[in-house]
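Trainee: I am new to this structure and would like a close look at a single part, followed outwards to whatever else can be said with care. Please take me through it slowly, in one connected answer.

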Amino acid sequence: MPDNTVAILREQTQALIGTEEINKIIQSTVENSVALRMMTRLPNMATNVREYPIMDNYPMAGFVEGDNGLKMTTNMRWSKKKLYAEEIAAIVTIPDNVVADASYDIWGQVRPRLEEAAGRVIDKAIFFSVDKPTSWRDGLVTSATNAGNVVAATTDLYKDVFDENGLIAKVEEDGYFPDGILSAISMRSKLRGLRDKSDRPLFLENMQNTTPYMLNGIRMEFPRNGAFDPTKALMITGDFTQAVYAIRQDVTFDVFDSGVISDSDGKVVFNLMQNDMKAIRMVIRMGWDIFNPLNAINEDETTRFPFAVYTPAASTSAAAAKVAVK
């Protein structure tokens, strides 16, 4: 039966209309390690262990009584800390035919995401001690908690952060001035409403600057690589000049077309040559530590720490009892 439609509509021309395929993969921004961006980088390591001296005792001075009074004697003492390089690595395998037939540069997509994965692992270990190597020290949250530098959230965010006994004061009482804040993204909405006593906003955003976020003059970072756990900490602040890292082996990528990939039990999963596959391997070796040297404000190493943590209101901490006596 003839089609009596008086106009050529879309359904009549559907076979003639092609679909556009955008030659771009839609993905989130690559977010590498925020911890390494905030911390102080030391010269690269020549071996897997580096020692550095830390002042452990102050010299003393005193008044001399009379013309023939005895002058006091004193000394200084240093201790050694060690920075251990540990390896972070990952391997991705792809069949040769898949790479040949793909319309995209698969390896070009994989490399930055492997770097992001390494950054996420590093940040989790440094922030929260998650899956950290045995040789690495406790992370910022664990160490700050042990030192009693913890503030639990209340309904008054300004008081929690800026008042006496607030988050910033915890760091200052240990002889350090905070120069950076790490924050959960969920805090942004709360910070936007934060005002000083003259009703001026304290949280400032300026995407034109190298430091786009500031809180009362302190730079802020909002990690987006999945490493920051808001159930454990809402904010971490401190003196990031005291947090240091060193690279033993910078990020390297190697491509292999032979060899085997096995699981943790030693069972062969892929034989690259037999399965016509290639594997890209990423490796980085680095270590980190916190200096925290003796200072005149707080000479007690058990309570002296250059970082403090702002925890959710429901958080209970073993440091709560220590806060009262600090």
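**A glutamate and its surroundings**

Mentor: Leaving aside residues up to four places away in sequence, E221 touches V34, R37, M38, I181, L182 and S183. Please keep in mind that this is a predicted model, and that E221 belongs to strand 9, which covers residues 218–221. Among the residues that E221 touches, R37 deserves a second look, since the side chains of E221 and R37 are also joined by a polar contact of 3.0 Å.

From here we can turn to a second arginine, R188, which has its place in helix 7, residues 188–192. With residues up to four places away in sequence again left out, R188 touches F203, E205, Y213 and F222. Two of these contacts can be described further: the charged end of R188 sits over the ring of F222, at 5.2 Å from the centre of that ring, while the side chains of R188 and Y213 make a polar contact of 3.3 Å.

The ring of F222 leads us on to pairs of rings, for which the centres must lie within 6.5 Å of each other. By this rule there are ten aromatic pairs. In one of them, Y158 and F162, the ring centres are 5.3 Å apart and the planes stand at 45°, so this pair is tilted. Both residues belong to helix 5, residues 157–162, where Y158 and F162 are four residues apart, or about one turn of the helix. As for its surface, Y158 has a relative accessible area of 23% and is therefore partly exposed, given that buried would require under 20% and exposed over 50%. The rings of F305 and F307 are likewise a tilted pair, because their centres are 5.9 Å apart and their planes meet at 50°, and F305 and F307 are both buried. Elsewhere, ring pairs link F127, F128 and F228 into a cluster.

Finally, consider open space: the second largest pocket holds about 250 Å³. Its lining is made by 14 residues, of which N32, S33, L36, V251 and I284 are the closest to the centre of the pocket. Two or more lining residues come from each of helix 1 (34–38), helix 3 (106–128) and strand 11 (243–256). To return to where we began, R37 and M38 are among the residues that E221 touches, and helix 1, whose range is 34–38, is one of the elements that contribute to the lining of this pocket.

Definitions and conventions
Residues are numbered from 1 along each chain as its sequence is written. This is a predicted model: local features need pLDDT of at least 70, side-chain atom pairs count only at pLDDT 80 or more; totals for chains, interfaces and linings use all residues. Side-chain values use heavy atoms; hydrogens and water are left out. Rings of Phe, Tyr and Trp (its six-membered ring) pair if their centres lie within 6.5 Å; planes under 30 degrees apart count as stacked, over 60 as edge-to-face and the rest as tilted. Buried means under 20% relative accessible area, exposed over 50%, partly exposed in between (1.4 Å probe, protein chains only). A charge sits over a ring if NZ of Lys or CZ of Arg is within 6 Å of the ring centre and within 35 degrees of the ring normal. A polar contact is a pair of N or O atoms within 3.5 Å; within protein, one must be able to donate a hydrogen and the other to accept it, and residues adjacent in sequence count only if both atoms are side-chain atoms. Contact means heavy atoms within 4.5 Å. On a 1 Å grid over the protein atoms alone, a cavity is a set of points where a 1.4 Å probe fits but cannot get out, and a pocket is an open set with protein on both sides within 12 Å along at least five of seven lines; lining residues have an atom within 4 Å of a point. Grid points are joined across faces, edges and corners, and a volume is the space filled by probe spheres set on the points.
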